[in-house]
Amino acid sequence: GGGAAGGGREEASAVVERMGRVVQRLQAENAALQKKTVSNVEHVRLTKEAKAHKARAAALQIELDAAAAKAAAARAAQERAESERLLAEERRAGARLRGSNQALEEKLAAVAEQLVSERASLGSVRAQAVEDAARVGSLEVRLQASDEALAAARD
């Protein structure tokens with residue numbers, strides 16, 4: 001019976017040893033699962049953080065786009081205002097130029113009227129000069145005749 005009892009102990013010892021290895025394997029698997037579980041929890045946390053960061057980035061992009069649109073609108077308004085100012089300045093300069101042109105045209109018309117008047121006066125002076133020349137010629141003829149008559153009377 002002692003050999004059988006010894007064999008039973010060896011067998012029990014072998015079972016205990018196998019059971020110990022099974023327990024160790026199960027503990028190792030449990031630890032790995034716990035690590036993996038922690039890793040999954042961390043993954044879920046990081047995924048939530050990533051979603052939050054993406055949402056924040058999208059919100060910031062919307063703000064940035066709105067700011068860029070405002071800046072573009074402000075630039076366009078400034079350019080329109082500058083264009084309107086320049087256009088108003090050109091209109092004022094054009095009005096001044098038209099006024100100046102009108103004044104020059106009025107002066108030119110007055111000078112033209114004066115020129116017509118001076119030409120008419122010159123024509124009258126020329127006619128008078130022609131008349132005077134004719135009288136002088138007539139007087140010269142009469143003077144010469146008178147001189148000839150006087151010379152004939154002296155002779």
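1. A salt bridge is counted here when a side-chain nitrogen of Lys or Arg lies within 4 Å of a carboxyl oxygen of Asp or Glu. The structure is a predicted model, and seven salt bridges are found in it by this rule. The points below discuss some of these pairs.

2. R21 and E17 form one such salt bridge, with 3.0 Å between their closest N and O atoms. Both residues belong to helix α1, which covers residues 2-154. Their spacing along the chain is four residues, or about one turn of the helix. R21 is partly exposed, because its relative accessibility is 43%. E17, at 48%, is likewise classed as partly exposed.

3. In the salt bridge between E42 and R45, the closest N and O atoms are 2.5 Å apart. These two residues of helix α1 are three residues apart, so about one helical turn separates E42 from R45. E42 has a relative accessibility of 34% and therefore counts as partly exposed. R45 is also partly exposed, since its relative accessible area is 39%.

4. Which residues are linked with E42 in a network of salt bridges? The network consists of E42, R45 and E49. The pair described in the previous point, E42 and R45, thus belongs to this network.

5. A further salt bridge joins E89 to R85, and the closest N and O atoms of this pair are 3.0 Å apart. Both residues lie in helix α1, at a separation of four residues, about one turn of the helix. E89 counts as partly exposed because its relative accessibility is 39%. For R85 the relative accessibility is 39%, so R85 is partly exposed.

Terms used. Residues are numbered from 1 along each chain as its sequence is written. This is a predicted model: local features need pLDDT of at least 70, side-chain atom pairs count only at pLDDT 80 or more; totals for chains, interfaces and linings use all residues. Side-chain values use heavy atoms; hydrogens and water are left out. Buried means under 20% relative accessible area, exposed over 50%, partly exposed in between (1.4 Å probe, protein chains only).
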